[in-house]
Amino acid sequence: MQKFSAWSLLREAFGGHQGWKSQWRRAAPKAEYDAVIVGGGGHGLGAAYYLAAEHGLTNIAIVEKGWIGGGNTGRNTTIIRSNYLFDESAALYDHSLKLWQDLSQVLNYNVMFSPRGVMMLAHTVHDVQVIKRHVHANRGNGVDNEWLTPEDAKAFCPILNIERNIRYPVLGAALQRRGGTARHDTVAWGYARAADALGVDIIENCEVTGIRRDGAGAVEGLETTRGTIRTRKVGVSAAGHTSVVLGYAGVRLPLESFPLQALVSEPVKPVMPCVVMSNTIHAYMSQSDKGDLVIGAGTDAYNSYTQRGALHINTHTLEAICELFPMVRRLKMMRNWGGIVDVTPDRSPIIARTPVKGLYVNCGWGTGGFKATPGSAHLFAWTIAHDEPHPINAPFTIERFRDGLLIDEAAAAAVAH
Amino acid sequence: MLIIDCPYCGPRPELEFAHGGQAHVARPADPSKATDDEWTEYLYLRNNTRGLYAERWRHARGCGRFFNAIRDTTTDQFVATYRSGEKPPVAAGTGVASRGTP
C-alpha cells in the first residue's frame with residue numbers, strides 16, 4: 001500500500017503526480033475463500049477490513065454486483081450522530097461514532113469526518129417533550145446532547161428562521177456537538193484500500209445468484225455471475241437487496257425495501273456550519289465542503305427496487321426547507337437521486353447469525369446506515385469471526401421479533417419515517 | 001408519481017392513495033392456537049419481492065376503499081389492480097427464490 005502523507009504528496013508533486021498507483025487490485029474470484037462478504041458498500045468493505053485487521057482472516061473476498069460504494073454508501077446525506085433513545089441503540093451508534101473519530105488515521109485515508117454538530121428541531125409541544133426526553137436519555141448513557149432555546153439554535157446556525165409566524169415555528173432544538181458529517185465515497189475507498197493491502201480480494205461486477213449448502217444445510221459456497229466460489233462463511237451486507245440474497249437460502253427477514261431520496265443544490269459559499277434535522281416537517285440539510293447544500297427527503301410510500309422515487313416527495317421536503325431556511329428559496333436544485341433502503345418493523349438494524357449455519361446478516365439500517373458504517377462493520381466482523389455476536393450487537397437479532405424484544409426506535413428515532 | 005388505476009374510480013395520481021403493505025396476509029385463523037413463529041410471520045415477515053409484488057392500496061382521498069394491485073418492484077409498473085376479495089389475476093413472487101439444498 002502506498003502510504004499517504006505530506007511527504008508522499010510532496011514527492012509526487014515533483015514527479016508530476018505520475019507515480020500514484022491504483023489504490024486496490026482489480027481481483028478475480030478464486031475458487032475458495034475462508035469467508036466472503038456479499039455487498040461492497042461501506043458496511044461490507046469495513047467488515048472485510050476488520051476481519052483481516054483484527055481477526056486475522058485474510059483469505060477473504062468481497063463480492064459486489066456493481067462497483068464498490070455505488071449503492072447507498074454513495075447516495076446518502078452523510079449525517080453522523082448517536083443520539084438514539086434506547087440503551088441498546090445508544091451503545092451501538094456511539095460505538096460507531098467513536099470509531100469515526102480516528103478513522104482517517106487508522107485507514108491512512110482522509111474520510112473528512114467533520115464533527116460540526118447535529119441539531120434537531122422541535123416545532124410542537126410534543127416535539128419539545130420527546131426531544132428533551134432524548135437529551136436526558138442520551139446523557140444518562142454518556143452520549144452528549146444538549147437542549148437549546150430558539151435563540152441559541154439561531155446563534156449556532158444563523159440561517160435558521162425562528163420567527164413565530166410560520167406554520168411550524170422552532171420552539172427549541174437538541175444539539176449533539178460530536179455529530180457531524182463525513183465524505184461518503186472516501187469511506188468506501190479508504191476501507192477498500194486498507195482491506196486490499198491486507199490481502200482481501202475486492203471483486204466487482206459479481207452478482208450473487210445462489211447460496212450453496214451441504215447435506216446438513218450449512219453454507220458451502222456462493223453461485224455468482226463470475227462462477228462458483230467455495231466458502232463456509234458468508235456475510236451478507238446487501239442493504240436494500242438483503243431479502244433477495246437471503247431468499248437464496250430460504251431465509252425470510254422482517255424487511256421491506258423502500259426508495260429514499262436526496263438532493264443537492266448548486267454550490268454556494270459557506271452558509272451553514274452544522275447539520276439541521278427536523279423530524280416533524282421532515283427536512284434535513286447540511287453543506288458539503290464543495291458548497292452544495294445536501295438535503296434529505298423521505299422514503300416513498302411503496303416498496304421498490306428502482307433506485308428512484310417520486311418528485312412530490314422532494315417537493316414536500318423543499319417546502320419545509322424553504323420555510324426553515326428562507327435564504328435557500330432562490331437556489332437551484334442540481335440533482336436528485338434515490339437509494340433502496342431496507343427497513344425493519346422497529347427501525348433498528350439486524351447484525352446477527354441466521355438460522356442457516358455459516359450465513360450471517362447485517363441489514364435493516366433503513367434510512368440511517370451511513371453513520372453506523374464503522375461500528376456496524378466492526379461488530380459484523382466480530383460476529384462472523386467468533387460465530388457469535390459481540391455484546392453490543394447481541395440484542396440486534398432476527399429472533400427479537402419472535403421474542404417480543406423489539407428495540408423500538410420507530411417512534412423514538414430522531415428522524416421521520 | 002405513479003398513476004394508479006383504482007378498480008372503483010379509474011386512474012388517479014398517487015397523491016390520492018395510501019400504500020397498505022403486502023396483500024393477502026391472513027390473520028391466524030385461531031389466534032389463541034397460533035405459535036410464536038406463526039405470529040412472527042403474520043406480524044413481521046414480508047415477501048419484499050424483487051419483481052411482481054401483490055400489495056394493498058387505499059384510495060384514501062377518493063372512494064376510501066382498499067383494493068389490491070400487482071406491481072413490478074423493479075420498474076414500478078402496475079400489471080393489474082383488482083378488488084379486495086378477488087383472486088390475483090397474475091401470480092406474484094414470494095421473495096424466496098430457492099430453498100437451496102435442505
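This is a short tour of the contact between chains A and B, and then of one helix in chain A.

The model is predicted, so to speak of local features takes pLDDT of at least 70 and side-chain atom pairs count only at pLDDT 80 or more, while totals for chains, interfaces and linings use all residues. Residues are numbered from 1 along each chain as written, chains are lettered from A in the order written, and side-chain values use heavy atoms, without hydrogens or water.

**Stop one: the interface.** Select the residues in contact (heavy atoms within 4.5 Å): you should get 33 from chain B and 31 from chain A. Together the two chains bury about 2,700 Å², 49% of it on carbon and sulfur atoms; that is the accessible area (1.4 Å probe) lost on being put together, summed over both.

**Stop two: the salt bridge.** Now pick A:Arg252 and B:Glu41, whose side chains meet in a salt bridge at 2.6 Å, N to O. The rule (side-chain nitrogen of Lys or Arg within 4 Å of a carboxyl oxygen of Asp or Glu) finds one across this interface.

**Stop three: the chain B side.** Colour α1 (36–43) and β4 (52–58) of chain B, the elements that give two or more residues to the side touching chain A. α1(B) gives the most, with four residues. Helices (H or I, at least four residues) and strands (E, at least two) are DSSP runs, numbered from the N terminus.

**Stop four: α10 of chain A.** Select 373–386. Eleven of these 14 residues are buried, so the helix is largely enclosed by the rest of the structure; buried means under 20% relative accessible area (1.4 Å probe, protein chains only). Among them are A:His378 and A:Phe380. Finish at A:Asp387, which follows the helix with a positive phi, near 55°.

Definitions and conventions: The expected span of a helix is 1.5 Å times one less than its number of residues. Buried means under 20% relative accessible area, exposed over 50%, partly exposed in between (1.4 Å probe, protein chains only).
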